[in-house]
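Dear colleague,

Please find below the structure that I am passing on to you. I would be grateful if you would keep it open while reading the notes that come after it.

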Amino acid sequence: MSALDVIPRRTRDPRVTYPPMAARQRIETNVLMSVLISETGDVLDVKVLRGDDRFGFTDAAVRALRGARTLRR
């Protein structure tokens, strides 16, 4: 680990909006994602590694992570 590497901490949790139709039918799934965060804590890139397009699960996860923020300590 170099002198510039620090463990980021969340300053704003992702707000996941559960797809309404999936909630009514009690459907659950997992979406695996990769997120690139800048040194200032901004989300630069969100990639879906394994998604589930049924009911909009993947889109909801991407929107939530784009709204997350971290802060360097």
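The notes below go from the overall fold to individual residues.

Please bear in mind that this is a predicted model. The chain contains two helices and four strands, and their order along the sequence is β-α-β-β-α-β. Of its 73 residues, 22% count as buried. The chain exposes about 5,800 Å², and carbon and sulfur atoms supply 50% of that area. Among contacts between residues at least 6 apart in sequence, 58% join residues at least 24 apart.

I turn next to the strand pairing. Strand E2, residues 32-37, pairs with strand E3, residues 43-50, in the antiparallel sense, and six bridges link the two. One of the pairs sets Leu-32 opposite Arg-50, its bridge partner in E3. Five residues lie between the strands of this hairpin, and Gly-41 takes a positive phi near 100 degrees there.

Helix H2 spans residues 57-66, and its buried residues are Phe-57, Thr-58, Ala-60, Ala-61, Val-62 and Ala-64. These buried residues pack against helix H1 (20-24) as well as E2 and E3. As general background, an α-helix has 3.6 residues a turn, so residues three or four places apart point the same way.

Within H2, Thr-58 may repay a closer look. Thr-58 counts as buried because its relative accessibility is 7%, under the 20% cut-off. Leaving aside neighbours within four places in sequence, Thr-58 is in contact with Val-31, Val-48, Gly-51, Asp-52 and Asp-53.

Asp-52 also takes part in a salt bridge, and the count for the model comes to two. In general, side chains of opposite charge can pair when their charged atoms come close. The side chains of Asp-52 and Arg-54 meet at 2.8 Å, N to O. Of these residues, Asp-52 counts as buried at 12% relative accessibility, whereas Arg-54 is partly exposed, with a relative accessible area of 41%. The other salt bridge joins the side chains of Asp-45 and Lys-47 at 4.0 Å, N to O. Asp-45 is partly exposed, its relative accessible area being 28%.

Which residues does Ala-68 touch, not counting residues up to four places away in sequence? They are Arg-12, Pro-14 and Val-43. Ala-68 sits in the loop between H2 and strand E4 (69-71), and at 15% relative accessibility Ala-68 counts as buried. Although Ala-68 and Pro-14 are 54 residues apart in sequence, their C-alpha atoms are 4.7 Å apart in space.

Lastly, the backbone has a positive phi at two residues that I would ask you to inspect, Arg-26 and Phe-55. Arg-26 is not a glycine, yet has a positive phi of about 55 degrees. Its place is in the loop between H1 and E2, where Arg-26 is exposed, with a relative accessible area of 76%. Phe-55, likewise not a glycine, has a positive phi of about 60 degrees. Phe-55 is found in the loop between E3 and H2 and counts as partly exposed at 30% relative accessibility.

With kind regards

Key: Residues are numbered from 1 along each chain as its sequence is written. This is a predicted model: local features need pLDDT of at least 70, side-chain atom pairs count only at pLDDT 80 or more; totals for chains, interfaces and linings use all residues. Side-chain values use heavy atoms; hydrogens and water are left out. Buried means under 20% relative accessible area, exposed over 50%, partly exposed in between (1.4 Å probe, protein chains only). Contact means heavy atoms within 4.5 Å. Accessible areas come from the Shrake-Rupley method with a 1.4 Å probe; for residues, only the protein chains shown count as cover. Two strands pair if DSSP finds at least two bridges between them.
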